[in-house]
Amino acid sequence: MRKASLWIGDPRLELDLDKLFQRLIYKRMELLIENQRLVELIDQSQQMAMDLLQDPFLSDLRVTVEPGGKLEQIMKYCNVHFDEAVTTESTSKIEALIQTLTKLGEKKLVILTNVSHYLSARDFFAVTEQIGDTELQVVLIEFSKVNRRKYFEKCQYIYIDEDFVDSRELD
C-alpha cells in the first residue's frame, strides 16, 4: 500500500510543498534541461564565482569559491521554491499540489484528508474539476460527524459513521 499510494494527509496541517517536491523538481529538471541551457547556467555560475574572487576583500584572503557545477547546486543557490501565496492559502496550495503532481507524472494513488474543511463549495468544485482534468487518481477522506452527500455530488461519496458503519450498506 505504501508504494502504491502517496499519503498527503491534511493539506493545511501536513503539506509542505517545498519539502515534498524540491528534490523531485531538481531531478526532473536535470532530465528535461537541454545540454546547451545547462552549459549556459554553469558558465554563469562560474562567472559569478570569478567575480566574487576579484573583490578586494576576498583577494587578500586565501579563500576559494566553488561555482555550482551541477544543476541541483545552481537551483539550490537560486532558492527555487513555491511562492508564499501558494503555501499559505488552502485552495492555492491544493491546486499547486495537483499541478505539480501532474507535471511530475505521478502514478501513485494520492490521498488527501479534510479538503472540504478549508474550501468553499465553489472552490471545492474547482479543485475536483482540476483533478478530473488530470490522470491523477485521488482519494479524499473527510472526517465529519454528519453525512454530507450533497456537498460531494460530483464525487463517489461513501459516508462511514463514528461506529465505522459504511452508509452504502444501509441504502
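Helices here are DSSP runs of at least four residues, numbered from the N terminus. Keep that in mind for the labels on this tour, and remember that you're looking at a predicted model.

**Stop 1: helix α4 and a surface patch**

Select residues 56-59. That's helix α4, and F57 lies in it. Is F57 buried or exposed? F57 counts as exposed because its relative accessibility is 60%, and the cut-off for exposed is over 50%. Now add L61 and V63 to the selection. Together with F57 they make a nonpolar patch on the surface, with about 300 Å² of accessible area between them.

**Stop 2: the whole chain**

Zoom out and colour by secondary structure. You should find eight helices and three strands. Starting at the N terminus, the order of elements is β-α-α-α-α-α-α-α-β-α-β.

Turn the C-alpha trace around and look at its outline: along the principal axes the trace spans about 80 × 30 × 30 Å. The radius of gyration is 23 Å, whereas a compact globule of 171 residues would come out near 16 Å. Of those 171 residues, 30% count as buried. Switch on a surface if you like: the chain exposes about 12,400 Å², and carbon and sulfur atoms supply 52% of that. As for contacts, take those with a separation of 6 or more: 71% of them link residues 24 or more positions apart.

**Stop 3: strand β1**

Select residues 5-9, which is strand β1, and pick out S5. S5 is buried, since its relative accessibility is 12% and buried means under 20%. Which residues does S5 contact, once neighbours within four places in sequence are left aside? Show K108, L109 and I111 to see them.

**Stop 4: the largest nonpolar core**

Next, show I8, L17, F21, L97 and L101 as spheres. These have the most contacts inside the largest nonpolar core, which has 24 residues. To see where the core comes from, colour β1, α2 (17-32), α7 (90-103), β2 (109-113) and α8 (121-132); each of them supplies at least two residues. The biggest contributor is α7, with five.

Stay with L17 for a moment and display what surrounds it. Not counting residues up to four places away in sequence, L17 touches Q22, F82, V86, T87, K93, A96 and L97.

Now hide that set and select I33, I42, L71 and M75. They're among the seven residues of a second, separate core.

**Stop 5: the salt bridges**

Last, look for charged pairs. How many salt bridges does the count come to? The total is two.

For one of them, go to helix α3 (residues 35-53) and show R37 and E40; they sit about one helical turn apart because they are three residues apart in that helix. Their side chains meet in a salt bridge, at 3.1 Å from N to O. R37 counts as partly exposed, at 39% relative accessibility, and E40 is partly exposed too, at 33%.

For the other, select helix α5 (residues 71-77) and show E72 and K76, which are four residues apart, about one turn of the helix. The closest N and O atoms in this salt bridge are 3.2 Å apart. E72 counts as partly exposed, with a relative accessibility of 26%.

Terms used
Residues numbered from 1 in each chain as written. Predicted model: local features only at pLDDT ≥ 70, side-chain atom pairs only at ≥ 80, totals over all residues. Heavy atoms only, no water. Buried < 20%, exposed > 50% of the residue type's maximum accessible area, 1.4 Å probe, protein only. Contact = heavy atoms within 4.5 Å. Patch = residues over 30% accessible without salt bridge, like charges linked within 9 Å, V, L, I, M, F, W, Y side chains within 5 Å. Areas by Shrake-Rupley, 256 points an atom, 1.4 Å probe, with all protein chains shown as cover. Salt bridge = Lys/Arg side-chain N within 4 Å of Asp/Glu carboxyl O. Core = buried A, V, L, I, M, F, W, Y, C linked by side-chain atoms within 4.5 Å. Rg over C-alpha atoms; globule rule 2.2 N^0.38 Å.
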